[in-house]
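Visitor: I would like to go through this structure and hear the reasoning behind its labels. Could you show it to me?

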Amino acid sequence: MASDDDEWETGDGEQAADPYNRTAFAGAAPPPADGPSDAAGAAEEPAPAAADAGAADGLGVAAEGADGAALAAAQEAADAPAAAPGVTEAVLEAAADPVTVAQLEPSSPPRAPEAFAEALVEEMTALSVESPAASPGPTGASSPLRVEHSGGATSPATRKLSAPSDAPDFLREAHTGDAFTEKLDPEALKFFNEVCEKPFHDQAIAFLNAYWQEVSTQAEFIFSVAWETMKYADMHSKGVNYIHLYEEGNDLDFNIGLYFYEKLCKKVLDDDDGKKWRDDPAFKPSMPEMLTAIKRKIELREKVDCNFDGRVSFLEYLLYQYRDFANPADFTFRAMKTADVEEHPEILKARKALEEVNKAIQAYEAEKHRLETEADKPGVKGLGAKHQLAILGASPLAEQLNKSLITAEAAVRIATRKFGDGRAPAPATETEYRKPTEGSMWWMNRDLEEKKRLYGRKSS
């Protein structure tokens with residue numbers, strides 16, 4: 001799998017070294033960089049009077065040359081601090097600069113002054129940021145950004161800016177209020193982190209087992225879209241272009257987390273391949289929300305990154321996406337009830353058989369890649385590689401792969417007879433087995449189906 005995202009750069013910016021944007025939280029100006037900086041982090045906090053004037057001047061530039069309606073809209077935006085006192089002057093100053101907004105949204109076409117003014121009013125209203133006067137910052141530093149998220153009908157995972165006692169100092173200084181992590185006792189938090197350290201697919205299985213009744217209709221999206229996009233982003237971050245070189249990870253750093261959401265939104269909301277998902281009302285709960293760069297960073301930092309480690313696991317994404325019924329406290333409560341129950345031997349056997357299929361696929365793909373590279377060379381060596389590539393489907397590697405698929409299919413079939421395939425209830429004889437299996441069985445059957453589609457022997 002080759003990456004075609006040459007435009008995405010990571011590793012050189014401050015954000016890669018400081019995923020929480022420490023300088024922005026402290027209110028200090030970040031060090032100069034070659035490229036454009038984050039508007040929210042780079043804005044210095046002016047005096048209250050100067051901020052009002054700066055916002056009005058910026059809106060005046062945005063509305064310059066527009067008709068009377070545009071000027072009225074710009075004036076209305078200039079009055080926004082009085083109507084929305086929750087927006088700090090630093091955010092107003094950054095948002096009032098159309099050049100800054102253009103840098104944050106390079107792919108968006110230039111907007112007319114009146115359209116920019118309307119969008120700015122929306123942006124300032126959406127960002128609920130406490131006033132510096134109401135929330136003084138740390139000694140010797142400007143007041144940090146403090147974003148509040150209302151509880152409403154959302155799950156307990158929705159929270160104010162807050163950090164657990166073992167979070168970095170700068171996070172504890174910049175956060176106030178209740179965080180959902182504070183609702184977890186040390187044992188539950190340890191369990192949550194242990195699940196997040198497992199490979200992406202195991203995190204998905206744990207989530208599906210815990211919430212099968214609520215999320216079973218979204219399982220296909222999680223498998224076919226979210227999981228594949230998460231692996232794609234992980235491969236991109238590791239510089240891996242071929243499946244045989246990739247070892248599935250467990251989380252993404254902050255920058256790659258932003259990249260993951262960018263690719264997910266594009267794949268589902270823009271690309272033709274995403275039409276079947278976005279046009280089907282059944283998958284509405286799985287649809288990602290398109291956000292501006294500022295809002296996405298806030299969401300990622302304050303809602304998705306549950307344990308404040310500056311990284312995004314697949315479990316954290318799933319809890320955030322399906323937060324209407326899922327949250328970390330509830331997940332740990334459900335999952336820990338049967339955490340001490342050993343996995344049934346038949347399910348364990350099927351899982352190990354699928355792992356053997358993965359090893360056979362990697363060996364097959366490695367040889368295929370080697371022969372494709374050799375086939376590009378001139379002379380006898382290149383011709384020989386082309387011949388070997390043509391008969392690779394009948395090689396010992398292909399035979400071993402087919403054998404492992406047959407073994408895995410048999411193991412999964414036996415487990416399915418005992419516990420169902422997730423689409424139907426388990427047989428009555430297995431109801432005494434207390435550990436949830438619906439998500440595990442559905443995932444194994446779906447994974448086997450995909451492997452057979454890609455590598456199974458085609459009937460003539």
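Visitor: Why is phenylalanine 308 called buried?
Guide: In this predicted model, phenylalanine 308 has a relative accessibility of 5%. Buried means under 20%, so phenylalanine 308 counts as buried.

Visitor: Where does phenylalanine 308 sit, and what is its phi?
Guide: Phenylalanine 308 is in the loop between α17 (293–304) and β2. Its phi is positive, about 55°, although phenylalanine 308 is not a glycine.

Visitor: What makes arginine 311 and aspartate 251 a salt bridge?
Guide: The closest N and O atoms of the two are 2.9 Å apart. The cut-off is within 4 Å, so arginine 311 and aspartate 251 form a salt bridge. In general terms, side chains of opposite charge can pair when their charged atoms come close.

Visitor: Which parts of the chain does the pair of arginine 311 and aspartate 251 link?
Guide: Arginine 311 belongs to strand β2 (residues 311–313) and aspartate 251 to strand β1 (residues 251–253). They are 60 residues apart, and the pair links distant parts of the chain.

Visitor: How do you know whether arginine 311 and aspartate 251 are buried or partly exposed?
Guide: Aspartate 251 has 17% relative accessibility, which is under 20%, so it counts as buried. Arginine 311 has 32%; partly exposed lies between the 20% and 50% limits, so that is the label for arginine 311.

Visitor: What about glutamate 374 and lysine 381: what makes them a salt bridge?
Guide: Their closest N and O atoms are 3.8 Å apart, and the limit is within 4 Å, so this pair counts as a salt bridge. Glutamate 374 is at 15% relative accessibility and counts as buried, whereas lysine 381 is at 54% and counts as exposed, because exposed means over 50%.

Visitor: Why is it said that glutamate 399 and arginine 457 tie parts of the chain together?
Guide: These two form a salt bridge, with the closest N and O atoms 2.8 Å apart. Glutamate 399 lies in helix α22 and arginine 457 in the segment after α23, so the pair ties together parts that are 58 residues apart in sequence. Glutamate 399 has a relative accessible area of 38% and is therefore partly exposed.

Visitor: How many salt bridges are there, and which residues do shared partners join into one network?
Guide: A search of the whole structure finds 21 salt bridges. Glu220, Arg446, Glu450 and Arg453 are joined into one network by salt bridges that share partners.

Visitor: What makes α22 roughly antiparallel to α23?
Guide: The axes of helix α22 (residues 396–419) and helix α23 (residues 438–455) come within 10 Å and cross at roughly 155°. Angles over 145 degrees count as roughly antiparallel, so α22 is roughly antiparallel to α23. The crossing of α22 past α23 is left-handed.

Visitor: Which residues meet between α22 and α23?
Guide: From α22 there are Leu401, Leu405, Ala408, Glu409, Val412, Ala415, Thr416 and Phe419, and from α23 Met441, Asn445, Leu448, Lys451, Lys452 and Tyr455. The residues of this contact divide into nine nonpolar, two polar and three charged.

Visitor: Why is α12 called oblique to α23?
Guide: Helix α12 (residues 200–210) and α23 pack at an angle of about 135°, with their axes 7 Å apart. That is not over 145 degrees, and it is outside the range of 65 to 115 for roughly perpendicular, so α12 is oblique to α23. The contact joins His201, Ala204, Ile205, Leu208 and Asn209 of α12 with Glu438, Gly439, Ser440 and Trp443 of α23. These residues divide into four nonpolar, four polar and one charged.

Visitor: Why is α12 described as largely enclosed by the rest of the structure?
Guide: Eight of the eleven residues of α12 are buried, so α12 is largely enclosed. The buried ones are Phe200, Gln203, Ala204, Ile205, Phe207, Leu208, Asn209 and Ala210.

Visitor: Why is lysine 190 called exposed?
Guide: Lysine 190, in helix α11 (residues 186–196), has a relative accessible area of 55%. That is over 50%, so lysine 190 is exposed. Its C-alpha atom is separated by 9.8 Å from that of threonine 332, 142 residues apart along the chain.

Visitor: And what does the chain have in helices and strands?
Guide: The chain has 23 helices and two strands. Of its 460 residues, 46% count as buried.

How values were computed. Residues numbered from 1 in each chain as written. Predicted model: local features only at pLDDT ≥ 70, side-chain atom pairs only at ≥ 80, totals over all residues. Heavy atoms only, no water. Axes fitted to C-alpha atoms, helices over the stretch in contact; angles between N-to-C directions. Helix = DSSP H or I, 4+ residues; strand = E, 2+ residues; numbered from the N terminus. Parallel < 35°, antiparallel > 145°, perpendicular 65-115°, else oblique. Left-handed = near helix turned anticlockwise from the far one by under 90°. Contact = heavy atoms within 4.5 Å. Nonpolar A, V, L, I, M, F, W, Y, C, P; charged D, E, K, R; others polar. Salt bridge = Lys/Arg side-chain N within 4 Å of Asp/Glu carboxyl O. Buried < 20%, exposed > 50% of the residue type's maximum accessible area, 1.4 Å probe, protein only.
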